[in-house]
Amino acid sequence: DDGYRLWLKYDLIQDAAQRKAYLNAAKFIAVSGNGPVLQSAARELQQGLKGLLGQAVPMASAQGKSGGIILSVEPTANDSGGALGKEGYRISTDKNNIKITGKTEAGVLYGAFALLRQLQTRQPLEKIALASTPKIEYRMLNHWDNPDGTVERGYAGSSIWKWYELPERVDPRYRDYARANASIGINGVVINNVNASARYLTAEYLQKVAAVANVMRPYGIRVYMSVLWAAPKTIGGLTTSDPLDPKVRQWWTDRTNDIYKAIPDFGGFLVKANSEGEPGPQDYGRNHADGANMLAEALGSHDGIVMWRAFVYKANSNGDRFKEAYEEFKPLDGKFAPKVLVQVKNGPIDFQSREPFHPLFGAMPKTPLVLEVQITQEYLGFATHLVYEAPLFKECLDSDTYSKGKGSTVAKVVDGTVDQHRISGIAGVANIGSDRNWTGHPMGQANWYAFGRLAWDHELSSQAIAEEWTRMTITTEPKSVRTIADLMVKSRDIYVRYTTPLGLHHIMGESVHYGPQPWLAKAGRPDWTAVYYHKADAQGLGFDRTATGSNALSLYAPEVQKQWGNPQTCALDYLLWFHHVGWKQPLSTGRTLWDELCYRYYTGTDSVTWMQKQWAQVKPNVDPELFANVEGRLQKQYKEAVWWRDACVLYFQTLAQQPIPKPFSPPTRSLDEVKSLVEIYQLRK
Ligand code: BDP
């Protein structure tokens, strides 16, 4: 199994009795209506059932028949007060037929995938009654793909978009990509990198993007673009990109109209401006709202949105990077046009293995906020380490901002219920590339899957999603499912332990963001170093973000400040995010900070051995190619856990001046040896 089919494998169900029971309920497929999305639903059911049941299920009219599956759009159906929404589905049993209904074709498509999931996970179909509605409206993948085919922070080959071939050749892979996304409810894709090229706005490229959009449309997916702020200058022949300049405004309006001519259901724009060297409205003395509102105006009456990113930090700032996005955006709350959503990363720094939730959540009640998470494992060991991310996503979603009292979780801020927003969104930076199995690490597929499932319903548990994915993708044998799901659910914590325990952050290799480099003291800017974040000295370790330090903690609600403000009671997972703690300070575990640090680095590394053992157990129930692939990566992961552990304990030891506590043995190599290893990963030429 080369992994190409993802979780849509549709392999024959081996249990003959079960197959027979399913066949009895799937004697035919009837579709009322012939819209393109409905057709996709019917086609998927045919393909899926044929594979799972081993025989083709005919398309037929339902007239006078029973024992089949009926797909129909029922825009006016009574759905208990509109709860089904425009994309929800209902699966019910009606006169011995299974009925899949939705208010739109997209709803029916999601219902068809949900029905297939029932078979894929071997659930009974008798008297089936399911209804589900997405909690968030815009469920997006963000591709950081460049026009030259490279992918920023992509570890699974090159871009899946073949811009040089388009629009004449349309890679069949685009359709499989659309199927996979639709199966988990993703309804929007930003096709290009936030560090954007203006190319996509040219007439030449619009034709290409339109060809991609044509493949996405029958799967209920809309295409969006990241735009380069400076485009009016670089490709428009204007002398400025000032958002208040009438010529600039006209230029964007004209380009937007061109886009909608080519792509009538175009979704809108994603913008990274005045961040990490990207141009933006501040270049002209304007602010983010001026920029975003200009694009909203360009969208005019078209059904599109602007997602304006809050990932900003000033050049040459000597404050705490933690606070910068908040300081720039909080004052703009209420100043954005209705079509604008502000897109905020889960944490205040940058997709670290664990971050406190971003303080902007709960702080901008007048602005719909899109939660941006990173599916690609930039800071999580690329496609080498097995890190199941649902627990990371959930940790942020479940965090309580207390903005409107207890229970104002990030999830509820984002889904619009806390501040009663009409629109809501969530975005995942894709981990997909041209590798045959899409994600490089075969288990990386689960992160794509989990993102989609949580975007649809943030109340699902990490465990349930892991089990579901495993059943659909790897094996349905119950014991193996439990073993694999358990391994997955624990993997992120294990990664945190051997890389950045106790709230350490941003101590990875410079610019590549791979491997450890806690000694990094000089870089392009101070907040790209490691020492800026860990602040290790002879006394202790950690960034004081309380009132005696940067006071970033004050950006949160009082209840949150209370939870993290006291080093004695702060959860150890967040300790060094907020406190500078003495090396010999005893912690709640009974160990000193130094001993606890070592304990976590060592036991975290040992846990990778545990992961290997767990994986070895499932061998008889896993496809050999897949088994070997994961096995090899786990071996590498162990080696690199040791690398992280050795680098970090040896470096911090130079400051802590403490022995490695028993029963652990000191690393067998020197700090210089580990440093030179890291340098190899930094070599460019
Ligand atoms: C950082 C990446 C950088 C991205 C940036 C962003 O290192 O490549 O451009 O995020 O989100 O994590 O804009």
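How many residues does helix H7 have, and how far does H7 reach from its first C-alpha to its last? H7 has 17 residues and reaches 25 Å, close to the 24 Å expected at 1.5 Å a residue. This is a predicted model, in which local features need pLDDT of at least 70, side-chain atom pairs count only at pLDDT 80 or more, and totals for chains, interfaces and linings use all residues. Residues are numbered from 1 along each chain as its sequence is written.

**View 1. Helix H7 (246-262) and its two sides.** Helices (H or I, at least four residues) and strands (E, at least two) are DSSP runs, numbered from the N terminus. The expected span of a helix is 1.5 Å times one less than its number of residues. A residue is called buried if 20 or more other C-beta atoms lie within 10 Å of its own, exposed if 12 or fewer, and partly exposed in between, with C-beta atoms placed from the backbone. In H7 the buried residues are Val 248, Trp 251, Trp 252, Arg 255, Thr 256 and Ile 259. They cover an arc of only 130° around the axis, which puts them on the same side of H7; the arc is that of the directions from the helix axis to the C-beta atoms. Pro 246, Lys 247, Asp 254 and Lys 261 are exposed on the other side of H7. Helix H5 (203-216), helix H6 (231-234) and H8 are among the elements that cover the buried residues of H7.

**View 2. Helix H8 (residues 288-299) and its surroundings.** The 12 residues of H8 should span 16 Å at 1.5 Å a residue, and the end C-alpha atoms are 17 Å apart, which agrees. H8 is largely enclosed by the rest of the structure, because 10 of its 12 residues are buried. Among the buried residues are His 288, Asn 293, Met 294 and Leu 299. The buried residues of H8 pack against H7, strand E9 (268-271), strand E10 (305-309), helix H9 (321-329) and strand E11 (340-345), where contact means C-beta atoms, placed from the backbone, within 7 Å. Just after H8, Gly 300 takes a positive phi of about 50°.

**View 3. Positive phi at Phe 382 and Tyr 402.** Phe 382 is not a glycine, yet has a positive phi of about 55°. Phe 382 is in the loop between strand E12 (369-374) and helix H10 (390-397), and is buried, with 23 other C-beta atoms within 10 Å. Tyr 402, also a residue other than glycine, has a positive phi near 60°. The loop between H10 and helix H11 (410-414) holds Tyr 402, which is partly exposed, with 19 other C-beta atoms within 10 Å.

**View 4. Cis peptide bonds at Pro 167 and Pro 663.** From Leu 166 to Pro 167 the peptide bond is cis, with omega near 0°. Pro 167 is in the loop between strand E6 (138-142) and helix H4 (173-183). The bond from Lys 662 to Pro 663 is also cis, with omega near 5°. Pro 663 is in the loop between helix H19 (624-656) and helix H20 (671-682).

Conventions:
Contact = placed C-beta atoms within 7 Å.
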